[in-house]
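Please look at the sequence and the structure below before reading on. The text after them goes through the chain one part at a time.

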Amino acid sequence: MTSVEPLVPRSHGPAAAPSLACLGPPRLLAGLDQAARLDRVAHLTVHGSLPDLRPAELVDLAENISLRGRGGAGFPFARKLRAVLAAARRRTDGRTAVVVNGSEGEPSCLKDTALLLHAPHLVLDGAQLVARALRAETVRVGVTRRDVEASVGAAIAERGPVRPPLSVTRLPERFVTGESSALTRGLDEGPALPAGRGVRTSERGLGGLPTLFSNTETFAQLAVAARLGALGYRETGLPDEPGTALLTVAGQHVVETPTGVPLPYVLELCGLGHGQGVLLGGYHGRWLRPYDARRALVSRASLSALGATLGAGAVLPLPEGTCPVGETVRVAHWLAGESAGQCGPCVLGLPSLARALAGAADGGGTAALEAVRRRADAVDRRGACAHPDGTAGFVRSALDVLDDDFRLHAHGSGCGRPVLGTLGLPEDTGGGDGARPGPADPAEPARLVVNWTLCQGHGLCAGVAPGTIRLDADGYPARAAAPVPEHLRRQAQRAVRRCPALALRLEG
């Protein structure tokens, strides 16, 4: 890591204005210091043409560079490839599909958005490389932002007719949309909700076909490795974790760094320090104490030894001026509201956990803190997807790492600091990224409309938007369309996002 090449900051729309920086030998983001977006010609000029690899060669490449999924779970990519190949062999027609997860429902992450806005062809290269090796019949890209959909759509048009065909689909912007079964169901024009534990897309995914499902950055890394070869790729980073990683720092800066770089250096590059601690991996991630953050490396092994995880590459330092307890409570309430509404641990357990956490923070005493841990334990491994587990892990980690502050609050003295909202949530942005409704036209009042063919009477909408929605005696919305006053618009937007059946829409 002998050089630091800062790139020109690029806007990601009104909701986020991240900057991009490249540490060490340029890889994924090469050329973005000269162009805001690499079109097809610029992409080929910078990266060159993409080789074709046979299935065995692709598996060997993924194995030799120790490629793992970059969406959070870190699953070995070679094992995914083998699983899809084995499932395809068991089918008489051998059909498969490839899905790129570009949904990025994690509010603290922008790295996949940065790739799809600025270097979409690198992602499409990786997806097509896999699709050709698997002889897949389609490549689908799932996104949630309108600007990302436009960028990927333009990139697909620039490539012209290709086999297998490429397409992009915009799905509801929710935390759980990126779960593999939820995204594939959404692409199949069903509800973008998790299908339940034990559903493997490698066995039965898009259209019922064995599906190679992976994160945006994973495909981009594969496209880079295919051009460099395993030895060339391994020249950067650690021997057992070669290559680079994309990080989103403080929800604003997208940074590419070789693995093994000290975490404090990355924070310093972005003009930040470790503050009261650093949350790694996003809102399903884990906290690091300041002492541990000072000695951490950008490495799965290093972070795991410190009790944290790289996850989806989110790095969130907590500045000194904000209340860590209040920040944690805000995120816990938001995570509870992002439930898919399909199982008790989510619908009942997570709101109960958030309420218990708020009660402990409001002077509930030692017994209240113990009750929070019991509620966190109660939802573990019981949900239809990993959302309850991730939320419980986030809360437990906060109790452990920020223990002094939680004790102060539980015993009534508090820390005396305001809650600045440093841990950003979608509501904080005002919904200006193009994926959520913007300001209403004063000449045309907004309306919250119910699609009766989808509504299942969950009744969650009335809890989220009580000022707009009233339920009838059977638990269904009493009106098919309700006017939304401007001061209740954000409340109505949340109701749309959180409807488990996707039966609500905001018009006007």
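The paragraphs below begin with the whole chain and then turn to its sheets and helices.

This is a predicted model. The mean pLDDT of the chain is 84, and 88% of its residues reach 70 or more. Confidence is not even along the chain: over residues 1-19 the pLDDT stays under 50. The model has 56 contacts beyond four places in sequence for residues 1-19. The stretch 22-27 also has a pLDDT below 50, with 25 contacts beyond near neighbours in sequence. Where pLDDT is low, the predicted coordinates should not be read in detail.

The chain has 508 residues, and 56% of them are buried. Its secondary structure comes to 19 helices and 14 strands. How much of the contact with a separation of 6 or more joins residues 24 or more positions apart? Such pairs account for 71% of those contacts. The chain exposes about 20000 Å², and carbon and sulfur atoms supply 52% of that area.

Now take the sheets. Strands of a sheet pair through backbone hydrogen bonds, either parallel or antiparallel. One open sheet in this model has four strands, in the order β5-β4-β3-β6, with parallel pairing. Which strands stand at the edges of this sheet? They are β5 (166-170) and β6 (211-215). Each of these two has a single partner strand, so one side of each is left without a neighbour in the sheet. From one strand to the next, the twist averages 20°. Strand β4, residues 139-143, is joined to β5 by five bridges in the parallel sense. One example of the pairing is Val-143, whose bridge partner in β5 is Arg-170. Helix α6, residues 146-159, lies across β4 and β5 and runs at about 170° to β5.

The next pair of strands forms a hairpin. Strand β7 (residues 244-249) pairs with β8 in the antiparallel sense over six bridges. Within this pairing, Leu-247 stands opposite Val-255 in β8. Three residues lie between the two strands of the hairpin, and Ala-250 takes a positive phi near 55°. Is β8 mostly covered or mostly open? Strand β8, residues 253-258, is mostly covered, with six of its six residues buried. In a regular strand the side chains alternate between the two faces of the sheet. In β8, His-253, Val-255 and Thr-257 are on one side, while Val-254, Glu-256 and Pro-258 are on the other. All of these residues are buried, so both faces of the strand are covered, given that buried means under 20% relative accessible area.

Further along the chain is helix α13, residues 344-361. It has 18 residues and reaches 25 Å from its first C-alpha to its last, close to the 26 Å expected at 1.5 Å a residue. Its buried residues include Pro-345, Cys-346, Gly-349, Leu-353, Leu-357 and Ala-361. What do the buried residues of α13 pack against? They pack against the helices α12 (324-337), α14 (366-379), α15 (387-401) and α16 (403-410). Just after α13, Gly-363 takes a positive phi of about 90°.

A residue of α12 shows one place where these helices meet. His-333 is found in helix α12. Leaving aside its neighbours within four places in sequence, His-333 is in contact with Ala-354, Arg-355 and Ala-358. The C-alpha atoms of His-333 and Ala-354 are separated by 5.3 Å, although the two are 21 residues apart along the chain. Is His-333 buried, partly exposed or exposed? Its relative accessibility is 38%, which lies between the limits of 20% and 50%, so His-333 counts as partly exposed.

The last part to consider is another open sheet, with three strands in the order β13-β12-β14 and antiparallel pairing. Its edge strands are β13 (481-484) and β14 (504-507), each of which pairs on one side only. Neighbouring strands of this sheet are turned by 25° against each other on average, direction ignored. Strand β12, residues 446-450, pairs with β14 over four bridges in the antiparallel sense. There, Val-449 stands opposite Arg-505 in β14. Helix α19 lies across β12, β13 and β14, running at about 145° to β14. This helix covers residues 489-498 and is mostly covered, with eight of its 10 residues buried. Among the buried residues of α19 are Arg-489, Gln-491, Ala-492 and Arg-498.

Terms used. Residues numbered from 1 in each chain as written. Predicted model: local features only at pLDDT ≥ 70, side-chain atom pairs only at ≥ 80, totals over all residues. Heavy atoms only, no water. pLDDT = per-residue confidence, 0-100. Contact = heavy atoms within 4.5 Å. Expected span 1.5 Å × (residues − 1). Buried < 20%, exposed > 50% of the residue type's maximum accessible area, 1.4 Å probe, protein only. Areas by Shrake-Rupley, 256 points an atom, 1.4 Å probe, with all protein chains shown as cover. Pairing = 2+ DSSP bridges. Axes fitted to C-alpha atoms, helices over the stretch in contact; angles between N-to-C directions.
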